[in-house]
Amino acid sequence: MFAARKIALAGHEVFVFNRDIKPGGLAEYGIYPVKHKMKFGLRKQFAQVLALPNLHYFGHVQVGDGYDLKLSDLAGMHPAAVLFTCGAQGTRKLGLPGEDAAGVYAAKDFVYHYNQLPPYASHDFSTGKNVGIVGMGNVAIDIARWLLDDGPDRVTESVVIIARRGPLEIKFDDKEIAFVERHIPRADLIAEIGRVSKRCAAAGQEVVPEKVIEQHFKHLKDADAAFVPPRLSFRFLSSPAAILPDSKGRIAKLEVAENDLVARPDGSTKAVQTSTRATLNLDTLIFAIGDEHDACIGLPMGPSGYATMPATGETDEPQYQVWNPATQAILPGWFVAGWARRASTGLVGIARHDGELGADRVIEFLKSEGRADTLGKDEIISSLCGKGLRPVTKSDLDLLGAVEQREAGERGVPAFKFSDNQSMYEAIRKEREAASAVEDERCQSVTAD
């Protein structure tokens, strides 16, 4: 959205194709559900972007050779340039035995589910009493918060965060852990830090429980800090090794490898698996280890995702042009930005900045190119409908927004959104018909007068 705004403000006609009906991506469907102030602020900014007269929106149109609109179809619209900001929609897997068992999920998909993104909202993401989360960043803490919530549907009794590194390499923010610290038994955390302290010391890390608590678990500084169930615990220096399902095919246990921490010459560390194994009793496992680029889109792939033009010279400047390794040539006018350029990197602000940098590259490219014979908005809509698609336009979004705002008011909640596409289409249709009826009545009144 921010890349589109920058290109539009430079005077170019911009056509946004979005997989989902509603815009916003992770800003809409990735931020924790009750962070209403943040979401309202972003929605307001996106509404300002969509209000630009030379920016057009086509929702519920997924671009990619494995999806609705093939790359060749897109090229057939004769765009002057194409910028992919589709994020990292692939799932990172570790190739573990049993990782296809029921109850094993990718964090991205699980977050989409509880944030009500279709079709994830209607898929089975059932959780049990004992949940493991692999990863030690803000996403892992967000998911733990969701699972530990005191809502009437909560079934979770225990959540364990499994980290391949030690307690000095925690990645989550203080403000995020503050939401769940009351669920951490202080004595258990001290015991876990003590369990790995010698292995951390071997890599030059002095791990003292009081210092770790002071730095990362400020609520637990008080020795009498009250514990509130359900239980949240940590398992440091552990890597998943195998998933053991029960007779019904659902995860029952997770085998983890104990890791040693090894110092690198540059001062960083790496976790190295040992032959020592332990088994955790789990009925749900969620991998919060980042995401990968989606090969089904059809862009050329490199070792770390979509291939971009190799860096030249001595600078380490980010590269945004799509590169075909097979032909050793760029795809003229095709660019990637945000997590489509570098998967799972940084927060919303960083992705926004990268999108704007990608937009700069597009604008520079357009200065040197002749005017393209691009299809117009109505021609694109006709083409999409001809493929059996139902593109959602800016005017449709206005109607949907009005319905959702009204629903929120009637339900007495800060915000409301539909969790399936058909309900959104139906809401748009009914709102359009109601508006048309009001307009007809007004015309009749004017005629009578």
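Start with Val82. Its bridge partner in strand 17 is Trp334. Keep in mind that this is a predicted model. Strand 17 covers residues 329–336, and three bridges join strand 3 to strand 17. The two run parallel.

Now the sheet around that pair. Three strands form it, and the sheet is open. The order is 3-17-16, with mixed pairing. Which strands sit at the edges? Strand 3, residues 82–84, and strand 16, residues 321–324. Each of these edge strands pairs on one side only. From one strand to the next, the twist averages 50°. As a reminder, strands of a sheet pair through backbone hydrogen bonds, parallel or antiparallel.

Next, the antiparallel pairs. Strand 9 takes residues 238–245, and strand 10 takes residues 251–263. Seven bridges pair strand 9 with strand 10, in the antiparallel sense. One position to click on is Pro240, which stands opposite Val256 in strand 10. The hairpin of strand 9 and strand 10 has five residues between the strands. In that hairpin, Gly249 takes a positive phi near 90°.

Strand 10 also pairs onward. Strand 11, residues 269–281, is joined to strand 10 by ten bridges. This pair is antiparallel. Here Val262 has Lys270 in strand 11 as its bridge partner. The hairpin of strand 10 and strand 11 has five residues between the strands. Which residue takes a positive phi in the hairpin of strand 10 and strand 11? Gly267, with a phi near 100°.

On to pockets. I will take the second largest pocket. Its space is about 790 Å³. It is lined by 33 residues. Closest to the pocket centre are Tyr32, Pro33, Tyr114, Trp146 and Asp149. Which helices each supply at least two residues of the lining? Helix 3, residues 36–50, does. So do helix 5, residues 107–114, and helix 6, residues 138–148. By class, the lining has 16 nonpolar residues, nine polar and eight charged.

Cysteines next. How many disulfides does the model have? The count comes to zero. The cut-off is a pair of cysteine sulfur atoms within 2.5 Å. Take Cys296. The closest cysteine sulfur belongs to Cys86, and it is 12 Å from the sulfur of Cys296. That is too far, so there is no bond between Cys296 and Cys86. Is Cys200 buried or exposed? Cys200 is buried, with a relative accessible area of 0%. Cys296 counts as partly exposed, because its relative accessibility is 42% and that class runs between 20% and 50%.

Last, two long-range pairs in sequence. Ala8 is in helix 1, residues 2–9. Ala8 is buried, because its relative accessible area is 5% and buried means under 20%. Where does Leu280 lie relative to Ala8? The two are 272 residues apart in sequence. In space, C-alpha to C-alpha, they are 53 Å apart.

Then Glu379. This residue is found in helix 11, residues 377–386. Glu379 is partly exposed, with a relative accessible area of 46%. Along the chain, Glu379 and Met77 are 302 residues apart. Their C-alpha atoms are separated by 9.1 Å.

To recap the strand pairs: strand 3 and strand 17 run parallel, strand 9 and strand 10 antiparallel, and strand 10 and strand 11 antiparallel.

Notes:
Residues are numbered from 1 along each chain as its sequence is written. This is a predicted model: local features need pLDDT of at least 70, side-chain atom pairs count only at pLDDT 80 or more; totals for chains, interfaces and linings use all residues. Side-chain values use heavy atoms; hydrogens and water are left out. Buried means under 20% relative accessible area, exposed over 50%, partly exposed in between (1.4 Å probe, protein chains only). Two strands pair if DSSP finds at least two bridges between them. Helices (H or I, at least four residues) and strands (E, at least two) are DSSP runs, numbered from the N terminus. Axes are lines fitted to C-alpha atoms, for helices over the stretch in contact, and angles run from 0 to 180 degrees between N-to-C directions. On a 1 Å grid over the protein atoms alone, a cavity is a set of points where a 1.4 Å probe fits but cannot get out, and a pocket is an open set with protein on both sides within 12 Å along at least five of seven lines; lining residues have an atom within 4 Å of a point. Grid points are joined across faces, edges and corners, and a volume is the space filled by probe spheres set on the points. Ala, Val, Leu, Ile, Met, Phe, Trp, Tyr, Cys and Pro count as nonpolar, Asp, Glu, Lys and Arg as charged, and the others, Gly among them, as polar.
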